[in-house]
Amino acid sequence: MKLFLDTADVDEIRRGARLGVVKGVTTNPSLAAKAGVGGMEAYKDAVQEIASIIDGPISIEVISTDVEGMITEGKDYVTWISKPWIKLPSTPAGFEAMKVLSDEGMEINQTLCFSVNQALLGAQAGATAVSPFVGRMDDIGQRGMDLVAEIVTIFRQYDIKTEVLAASIRHALHCVEAARAGAHIATIPYSVLEQMTQHPLTDIGVARFLEDWEKSKQG
Ligand code: G3P
């Protein structure tokens with residue numbers, strides 16, 4: 001399972017990149033706002049800076065809700081960076097735009113997916129990846145990870161090439177469960193990446209090795 005960072009915060013992306021495990025980045029308007037990125041020009045600057053740090057797919061979300069607007073934005077976004085994934089919502093307009101843009105060779109991240117049916121539609125419309133929002137389903141009392149597992153199973157059954165990108169990941173256990181479910185990618189906040197590195201026994205072990213090393217020098 002590849003790890004993407006789910007943030008538009010360039011500092012977090014720099015820190016994540018230093019670990020050498022980040023294979024891509026997903027952004028959206030909420031994440032842009034959280035990172036203090038306001039307006040299309042600032043979004044473009046941030047995405048271009050992100051692309052200079054991470055040599056992998058960078059998802060850029062459309063703002064329009066109508067087909068024409070989505071297509072226009074998608075065509076603009078692909079001129080920004082070399083590996084854009086155009087993020088389109090799981091709406092009727094989104095599916096229509098997915099078909100048009102994927103037919104033109106663009107990579108699509110189908111976002112805001114909350115059902116197997118939406119995932120099936122996105123795959124038919126040519127999505128490169130589909131993003132079930134795990135945490136937001138958990139929020140309303142439905143098991144988001146069950147949806148990830150179900151999409152993975154069905155896509156395998158039909159040899160569908162669309163990758164399953166577990167999104168709205170909130171904590172380290174979500175990462176384990178996404179991997180267990182067979183997600184191809186998990187996009188995670190920087191805080192979750194930090195959580196993934198942590199284990200108290202590792203810290204205790206490092207401290208003990210150092211203590212023993214010091215003791216050994218005292219004879
Ligand atoms: O990957 C989608 C993500 O940004 C949404 O996360 O925590 O707002 O549901 P959240």
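A polar side-chain atom of Arg170 comes to 2.8 Å from an oxygen atom of the ligand. Taken alone, the ligand exposes 310 Å², and the protein buries 81% of that. Keep in mind that this is a predicted model.

**Around the ligand**

- Two other residues also put a polar side-chain atom by a ligand oxygen: for Asp6 the distance is 2.7 Å, and for Arg136 it is 2.7 Å.
- The residues surrounding the ligand are Asp6, Asn28, Leu31, Phe133, Arg136, Ala167, Ser168, Arg170 and Thr187.
- Sorted by class, that shell is an even split, with 3 nonpolar, 3 polar and 3 charged residues.
- As for where the ligand sits, look in the largest pocket.

**Cysteines**

- The disulfide count here comes to 0.
- Cys113 is in no disulfide, and the nearest cysteine sulfur, which belongs to Cys175, is 19 Å away.
- To count as a disulfide, two cysteine sulfur atoms have to be within 2.5 Å, so a pair at 19 Å doesn't make the cut.
- Cys113 is also buried, at a relative accessible area of 0%.
- Seen from the other end, Cys175 is in no disulfide either, with the sulfur of Cys113 as its nearest cysteine sulfur at 19 Å.
- Cys175 has a relative accessibility of 4%, so it counts as buried too.

Terms used. Residues numbered from 1 in each chain as written. Predicted model: local features only at pLDDT ≥ 70, side-chain atom pairs only at ≥ 80, totals over all residues. Heavy atoms only, no water. Near = heavy atom within 4 Å. Polar contact = N/O pair within 3.5 Å; in protein donor to acceptor, adjacent residues only side chain to side chain. Areas by Shrake-Rupley, 256 points an atom, 1.4 Å probe, with all protein chains shown as cover. 1 Å grid on protein atoms, 1.4 Å probe; cavity = no way out; pocket = protein on both sides within 12 Å on 5 of 7 lines; lining within 4 Å. Sits in = over half its atoms within 2 Å of the grid points. Nonpolar A, V, L, I, M, F, W, Y, C, P; charged D, E, K, R; others polar. Buried < 20%, exposed > 50% of the residue type's maximum accessible area, 1.4 Å probe, protein only.
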